[in-house]
Amino acid sequence: MIFFNKDEQLENLGLGILDATWAEFGTLARNQIALTWVVYDPPVRVNTGGALTPNAFWDHPVRGFTYRGVERIYPASVVKLFYLVAVNEWLEKGMSQTSKELERALQDMIVDSSNDATSYVVDILSGTTSGPELPIGPFETWKYQRNIINRYYQSLSWEELETINVCQKTWGDGPYGRERAFVGELLENRNMLTTNAIARLLHSIVGGVAVSSARSQAMMALLKRPLKDLPTNTEENQVTGFLGDGLPENAQIWSKAGWTSQVRHDVAYIELPEQRPYLLVVFTEGKAQAKNQDILPFISKRVAEAIASL
């Protein structure tokens, strides 16, 4: 069972937003975008500071709309959200110990989207390190260790996570040595996510039930993005050219963007004054879309307008 109820009103609004987007951006093909949108109707059971038990939270129905939400897509830096939750699970269970370096790495991985920090976090999660190619036996052990993150997510038994792959580091120039062998000759083992899978994970964080209520709140603190006084001409703030760029300054956003020369994605939980809060995941693929800083803000602005009409 998918975690939200499909809803005719949101379906009509969502399809209208997509049609407007295709009309505005001629280079965006129908199969180059995926989207999941979840709306929190009153009484709102998210961002409560962890006031609900997991059962009470998951039993509370929410409605949503999805377009190609089950398509497996390369997530770029959005995968860092999955590593953030996994580290918190490891810490909670005593499988890892916190340290100043780990805290610094988590901060840099989410706030600045640092790939070097992510590499360190994946090493902590898996007990493996990058380096030269390995002989067959040790490499099998190494690969098994690296897949511990996948095994954790499969253990949650969420339908949305059945097809995902989250075991690779994120790179500036790409993998070398054992990392290159691990990702596969044709990159067949690269990270893959769906917008529905990401929406469910963010839904659990915002709901205060990812790992524990205190840890969910700590994760939310890292994901919070300022919308004012941003550094100019930079994607590094994860607002310019992304979903936060289409919002009024008095909105609040918690988000994680991802982009390469081939994709441009963003994942956000958004609160607008006096409106229903909502969660929005938008993935776009293709070189033209990856460069285009207008598509995600365009969609975000229209979703905010649709929320005001509910």
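This passage describes salt bridges and the packing of one helix in a predicted model.

Side chains of opposite charge can pair when their charged atoms come close. A search of the whole structure finds 13 salt bridges. Three pairs and one network are described below.

Glu-179 and Arg-146 form a salt bridge, with the closest N and O atoms 2.9 Å apart. This pair links distant parts of the chain. Glu-179 belongs to helix α8, which spans residues 178-183. Arg-146 belongs to helix α6, which spans residues 136-146. The two residues are 33 residues apart. Both Glu-179 and Arg-146 are buried.

A second salt bridge joins Asp-19 to Arg-30, where the closest N and O atoms are 3.9 Å apart. Here too the pair links distant parts of the chain. Asp-19 sits in helix α1 (residues 8-24). Arg-30 sits in the loop between α1 and β2 (33-39). The separation along the chain is 11 residues. Asp-19 has a relative accessibility of 43% and therefore counts as partly exposed.

The salt bridge between Lys-301 and Glu-305 lies within a helix. Its N to O distance is 3.4 Å. Both residues lie in helix α12 (residues 295-309). They are 4 residues apart, about one turn of the helix. Lys-301 is partly exposed, because its relative accessibility is 43% and the class runs between 20% and 50%. Glu-305, with a relative accessible area of 44%, is also partly exposed.

Salt bridges also link residues into a network. Its members are Asp-7, Asp-41, Arg-63 and Arg-276.

Helix α6, which carries Arg-146, was examined further. Phe-139, Trp-142 and Arg-146 are buried in this helix. Seen down the axis of α6, the buried residues fall within an arc of 60 degrees, so they line one face of the helix. Thr-141 and Tyr-144 are exposed on the other side of α6. The buried residues of α6 pack against three helices: α5 (115-126), α7 (148-155) and α8. Helix α8 is also the location of Glu-179, the salt-bridge partner of Arg-146. Arg-146 thus belongs to the buried set of α6 and also takes part in a salt bridge to Glu-179.

Methods. Residues are numbered from 1 along each chain as its sequence is written. This is a predicted model: local features need pLDDT of at least 70, side-chain atom pairs count only at pLDDT 80 or more; totals for chains, interfaces and linings use all residues. Side-chain values use heavy atoms; hydrogens and water are left out. A salt bridge is a side-chain nitrogen of Lys or Arg within 4 Å of a carboxyl oxygen of Asp or Glu. Buried means under 20% relative accessible area, exposed over 50%, partly exposed in between (1.4 Å probe, protein chains only). The arc is that of the directions from the helix axis to the C-beta atoms. Contact means heavy atoms within 4.5 Å.
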